[in-house]
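Work through the four exercises below with the coordinates open. Try each task before reading its solution.

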Amino acid sequence: MAPNPKKIAGERATDYVAHDMIVGLGTGSTAYFAIVRLAERIREESLRIRCVPTSERSATLARELGIPLTSFAEVLHVDVTIDGADEVDPAFNLIKGGGGALLREKFVASASDTELIIVDESKLKQRLGAFPLPVEVVPFGWQMTRERLRDLGCDARFRSSDSAPFVTDNGNYILDCSFGVIEDPPALEREIVGTCGVVDCGIFSGLATRIIIGRSDGSLEERAEPEKLA
Ligand code: 5RP
């Protein structure tokens, strides 16, 4: 069987998890493999951990697999989070939110000592922006928010699923914003987040601490040092 790069990256990331850690569980098809492997380690090694999920989807999967969950009502910091990404640049800027979980993902990432990003090689980009940037907006006046985002220079599209609005776990909407090449991700992140009606956006800058890359030839690469971009 051909190697599965997402599985390779996801399973490797769980090696960073040890007894008594609080672990953030990411969302998506790559994070899935990390969650499944953590459940195996809990069974096989009696690994003692408590996990904070970044979405209802990951919470449901974790419960089904018998992974103990906790929340920010009980813990105020996370030791290590394992999450996927839609794009990663050499400076460890990310685009996330393809699965619509960006707000909780950023929340958990910002509370984490270590943020492990697990990807296959297709997610590595020299510059962010080929993947439309997900922006979470409040439903009230979302059309006005879309206009404000368009004024920043993007084509902003309302996300729907089976012709119904896509509603996030937080009861909000998503606008997928195509900016083209994003020259300065941290600056754009600040600008978007400062826009009235925006809850958060899928640019994650300064949060990833290690990138774990699975490749289709079965190999694994890890990057621990972001490159400084000119
Ligand atoms: C969900 C995310 C995911 O991490 C991102 O979309 C990558 O997903 P996948 O691992 O399925 O390619 O940000 O909101």
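A disulfide is a pair of cysteine sulfur atoms within 2.5 Å. Keep that cut-off at hand for the first exercise. The model is predicted.

**Exercise 1. Cysteines**

Task: Find how many disulfides the whole structure holds, and explain why Cys196 forms no such bond.

Solution:
- Step 1. Search the whole structure; the count of disulfides is zero.
- Step 2. Take the sulfur of Cys196 and look for the closest cysteine sulfur, which belongs to Cys177.
- Step 3. The separation is 15 Å, so the pair is too far apart for a bond.
- Step 4. Check the surroundings of Cys196: its relative accessibility is 54%, so it counts as exposed.
- Step 5. Turn to Cys51, which has a relative accessible area of 0% and is therefore buried.

**Exercise 2. The ligand site**

Task: Determine which residues come nearest to the ligand, and how much of the ligand the protein buries.

Solution:
- Step 1. List the shell: 17 residues surround the ligand.
- Step 2. Pick out those that come nearest: Ser29, Thr30, Asp86, Gly97 and Lys123.
- Step 3. Sort the shell by class; it has two nonpolar, nine polar and six charged residues.
- Step 4. Look at ligand oxygen atoms. A polar side-chain atom of Thr30 lies 2.6 Å from one. For a polar side-chain atom of Asp86, the distance to a ligand oxygen is 2.7 Å. Gly98 takes part through the backbone, with a polar atom 3.5 Å from an oxygen of the ligand.
- Step 5. Compute the area. The ligand taken alone exposes 380 Å², and the protein buries 91% of that.

**Exercise 3. Asp83**

Task: Is Asp83 buried or exposed, and which side chain makes a polar contact with that of Asp83?

Solution:
- Step 1. Place Asp83: it lies in strand S3, residues 78-83.
- Step 2. Its relative accessibility is 0%, so Asp83 counts as buried. The cut-off for buried is under 20%.
- Step 3. The side chains of Asp83 and Lys96 are joined by a polar contact of 3.1 Å.
- Step 4. Beyond four places away in sequence, Asp83 touches residues including Gly26, Thr27, Glu105 and Glu115.

**Exercise 4. Ile213**

Task: State how far apart Ile213 and Asp120 are, in sequence and in space.

Solution:
- Step 1. Ile213 sits in strand S14, residues 210-214.
- Step 2. Count along the chain: Ile213 and Asp120 are 93 residues apart.
- Step 3. From C-alpha to C-alpha, Ile213 and Asp120 are 5.4 Å apart.
- Step 4. Asp120 is among the residues that Ile213 touches, as are Ala9, Val119 and Leu220.
- Step 5. Ile213 has a relative accessible area of 0%, so it is buried.

Methods
Residues numbered from 1 in each chain as written. Predicted model: local features only at pLDDT ≥ 70, side-chain atom pairs only at ≥ 80, totals over all residues. Heavy atoms only, no water. Near = heavy atom within 4 Å. Polar contact = N/O pair within 3.5 Å; in protein donor to acceptor, adjacent residues only side chain to side chain. Areas by Shrake-Rupley, 256 points an atom, 1.4 Å probe, with all protein chains shown as cover. Nonpolar A, V, L, I, M, F, W, Y, C, P; charged D, E, K, R; others polar. Buried < 20%, exposed > 50% of the residue type's maximum accessible area, 1.4 Å probe, protein only. Helix = DSSP H or I, 4+ residues; strand = E, 2+ residues; numbered from the N terminus. Contact = heavy atoms within 4.5 Å.
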